[in-house]
Amino acid sequence: MRRCAWPLLRFPARAGLVLRHGGAAAARLRPAARLRPAAAAASFSSSVGGDGSSRAPDTSLFVPVPLKPVGDAAEEDVGAELTRPLDKGEVLKNLNKFYKRKEIQRLGAENGLDARLFHQAFISFRKYIMESSSVSADLHIILNDICCDAGHVDDLFPFFLRHAKQIFPMLDCMDDLRKISDLRLPPNWYPDARAIQRKIIFHAGPTNSGKTHHAIQRFLSAKSAIYCGPLKLLAHEIFQKSNDANVPCDLVTGEERVYANEDARQASHIACTIEMCSTNTPYEVAVIDEIQMIRDPARGWAWTRALLGLCAEEIHVCGEPAAIDLVTELMYTTGEEVEVRNYKRLTPLTVLDYALESLDNLRPGDCIVCFSKNDIYSVSRQIEARGLECAVIYGSLPPGTKLEQAKKFNDPNDPCKILVATDAIGMGLNLCIRRIIFNSIVKPTVNEKGEKEIDSITTSQALQIAGRAGRYGSSFKEGEVTTMHRDDLVQLKEILSDSVRPVKAAGLHPTPEQIEMFAYHLPDATLSNLIDIFVSLSQVDGLYFVCNIDDFKFLADMIQHIPLNLRSRYVFCTAPLNRKEPFVCTMLLKFARQFSRNEPLTFDWLCRHTKWPLAAPKNIKELVHLEAVHDVFDLYLWLSYRFTDMFPDAVLVRDIQKKLDNIIQVGVSNITKLIRASQSAVTPGTAEVVAEDFPLSRTRRDSRAVSDSHSAKAPEALSIAVEAPGERRTRNSKAYRSATRQEDLKSHGRGSLANRLLREGLLTQEMLRQLESEWQDQHRNGRYGHGSKRDVQDSSKETGRKKK
């Protein structure tokens, strides 16, 4: 029990921070606590029992601490000297009687032992007694009395409960753990912000409405200010804009610090990524960009922290109107009012009544948006097969390469007039786009539970991407949006016409201090297990949710075997990396192992393990590896700002990272050559060198279906895919698509699409068999017309004749 007392001394002070300030601020907070919204009350009642008692913990997360039986080398068996040696056979019989008694199970439940824990505790208790050469004198005497019919098996319960609390230490301080994981009053975590009266101004409007511009004007005119954005590119843009306006501004990201002053003195203005903002430094003005990302399942906690914790007299919040209600409610709990300023789009945006249908119909200023890197490769090659140049932008490209591709596309004197991109263009880049063309309107996503889903893009996502067309101040005075395929256009119009779903909750994440207090109570638990128990016990009201922690747990499990102190382990687990990149994960493991040996990670060490210097890529696989190496350099720089002594060569690493960025730019500029090299270097069926969640382009899917049905003509597959959109305009498009879909289902055993879906757990063999059966039934019933398969074959033959 003594072990539980230290965090208790700290925690009430934190929970009652608001009361220190008294006066108007405290008075405003008290009614806010009383007048909880209905949603919050409902959530509270779900996180605690209807009678006000705490909810039952998920005991499946409780890992027992191994307790070794007493060996022969132990001290003398005092109990045997006082009574007699135990008959282990009789002891076993009585222990089993003890386990079966309903009264004992009920007593266990009253002391926190549900059926699962009771069973595990008993197995451990029985093993300990049976395998120990001796037990404590008091336990020995009780067991002897029971065996001699001088005692009752119920007398074992105190010893059993003591043993249970030894292997499940959380039972001894469950109330303390619940208090530590109580997340119902996040505003109280930021006493400095609660000590001042802040003015909140919400700039609400769609993309290209000037909302952020107005907030930045206030940022530039302030004596001191901070800009918090979701991307390094956005922070860098404000950094440059501020310094160009003769307002000294520093740049702060997870991997980089750039000072405006030559003597490295901190400037009065800072542009940073939102995770890096300081909640202790006072400012006159703060700007929080893209506030709707407060609902993001992975990063939402950073917006919550900035909104509640920034110490600024004025907080300018920019984002979608869908977040107004939530921000207003959150500020109600802090006693602060929100002023809303609404903006309208500065240039018109038109949804066209026709789809592109063929890449032959591309015009200068067009941007094709894909949701898969493999679709990027496919579409870009088809475009350049028509003699057109295109720029390519996707999420895993380094920022420098993205900017270079954007510059190439925007340059009116450059022959590159087409852009192929993922939704990475939704924010962070200024692009002169005339028309946005959605190659697909379905996208793989991860929900709040960390589960992978395939669904149509949301209205918010569609508006964010479509809004990039016709940017104010560009050469195109109005924007257009359409789809690649005709049957997607109706659905896109429905999506864009829907109202954006309101942002209902803000993300939260356990802090290092909370995890440290948990570890104090549970010193034998792994970090991954600590996080699991924390989340299972955490209580939030209806305005908040706990962010997804799967990436954190993945890294925690990966480095669990490496001896690190808790704080260092926590930092490594919060490192920003994509766990789907094996090379980057392997390098993090090497970083952690070297760090645990207290051996500095020098520039030479890093070059040796990344095989630097690296040559320009010869195929897509090499390009993807270069992108991974760039991420490793980012990781080194990120860690260098947290462990300066152990990662001492940040300057040298930044220099070679710039060189690597230039090498990647060369590779992306020649991406179609790399694609051709990749496809000629691998056997049929293995041409996809990049693991993707789900390639959703119908162009790609159609080309694969035609290729499968004409396997003898595999080298012509790409040409057929290039011609297919044009052919569809002169034929029955529904019959064509139904046939290709059916062919795709028939070939699911051979095609890479089905295999990838099976690997990702998105489909099962049973689901595939059911889909195939349904398609065949519908085809037999004539739902998709007759002779559609013949249409495909005729289409392919005509294409072949054209080629000849």
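Contact, on this tour, means heavy atoms within 4.5 Å. Keep that in mind as you click along, and remember that this is a predicted model.

**The whole chain**

Start with everything displayed. The protein has 35 helices and 18 strands, and 51% of its 804 residues count as buried. Its accessible surface comes to about 36700 Å², with 52% of that belonging to carbon and sulfur atoms. If you like contact maps, take the contacts with a separation of 6 or more: residues 24 or more positions apart account for 77% of them.

**The six-stranded sheet**

Next, select the strands β9, β16, β13, β10, β12 and β11. In that order they form an open sheet, and the pairing is parallel. Where are the edge strands? They are β9, at residues 349-351, and β11, at residues 390-393, and each pairs on one side only. Turn the view to look across the strands: on average, neighbours in this sheet are turned by 20 degrees against each other, direction ignored.

Now pick out β13 (residues 435-438) and β16 (residues 479-483). These two strands pair in the parallel sense over four bridges. A handy place to zoom in is isoleucine 436, which stands opposite valine 481 in β16.

**Out to the edge: β11**

Move to β11 and show its side chains. Cys390 and Val392 point one way, Ala391 and Ile393 point the other way, and all are buried. The partner to show alongside is β12, which pairs with β11 in the parallel sense over four bridges. Here isoleucine 393 stands opposite alanine 421 in β12. Follow the chain from β11 through α18 to β12, and you trace a right-handed β-α-β crossover.

**The helix on the sheet: α18**

Stay with the helix you have just passed through and select residues 399-410. Helix α18 packs on the sheet, where it touches β10 (366-369), β11 and β12 (418-421). The direction of α18 makes about 150 degrees with that of β11.

Then centre on asparagine 410, which has its place in helix α18. Is this residue buried, partly exposed or exposed? Asparagine 410 has a relative accessible area of 24%; buried means under 20% and exposed over 50%, so asparagine 410 is partly exposed.

Which residues does asparagine 410 touch, not counting those up to four places away in sequence? They are Asn430, Leu431 and Cys432. Show the atoms of asparagine 430 as well: its backbone oxygen lies 2.8 Å from a polar atom of the side chain of asparagine 410. For one more distance, draw a line between the C-alpha atoms of asparagine 410 and glycine 365; they are 45 residues apart along the chain and separated by 8.6 Å.

**A last stop: α23**

Finally, select helix α23, residues 550-558. Colour Phe552, Lys553, Leu555, Ala556 and Met558, which are buried. What do the buried residues of α23 pack against? Bring up α22 (527-537), α24 (566-573) and α25 (582-596), and you have the helices they meet.

Among these buried residues is lysine 553, a good one to finish on. Leaving aside neighbours within four places in sequence, lysine 553 is in contact with Ser528, Ile531 and Asp532. Zoom in on aspartate 532: its side chain makes a polar contact with the side chain of lysine 553, at 2.9 Å.

Notes
Residues are numbered from 1 along each chain as its sequence is written. This is a predicted model: local features need pLDDT of at least 70, side-chain atom pairs count only at pLDDT 80 or more; totals for chains, interfaces and linings use all residues. Side-chain values use heavy atoms; hydrogens and water are left out. Two strands pair if DSSP finds at least two bridges between them. Axes are lines fitted to C-alpha atoms, for helices over the stretch in contact, and angles run from 0 to 180 degrees between N-to-C directions. Buried means under 20% relative accessible area, exposed over 50%, partly exposed in between (1.4 Å probe, protein chains only). A polar contact is a pair of N or O atoms within 3.5 Å; within protein, one must be able to donate a hydrogen and the other to accept it, and residues adjacent in sequence count only if both atoms are side-chain atoms. Accessible areas come from the Shrake-Rupley method with a 1.4 Å probe; for residues, only the protein chains shown count as cover. A crossover is right-handed if, with the strands pointing away from the viewer, the path from the first strand over the helix to the second runs clockwise.
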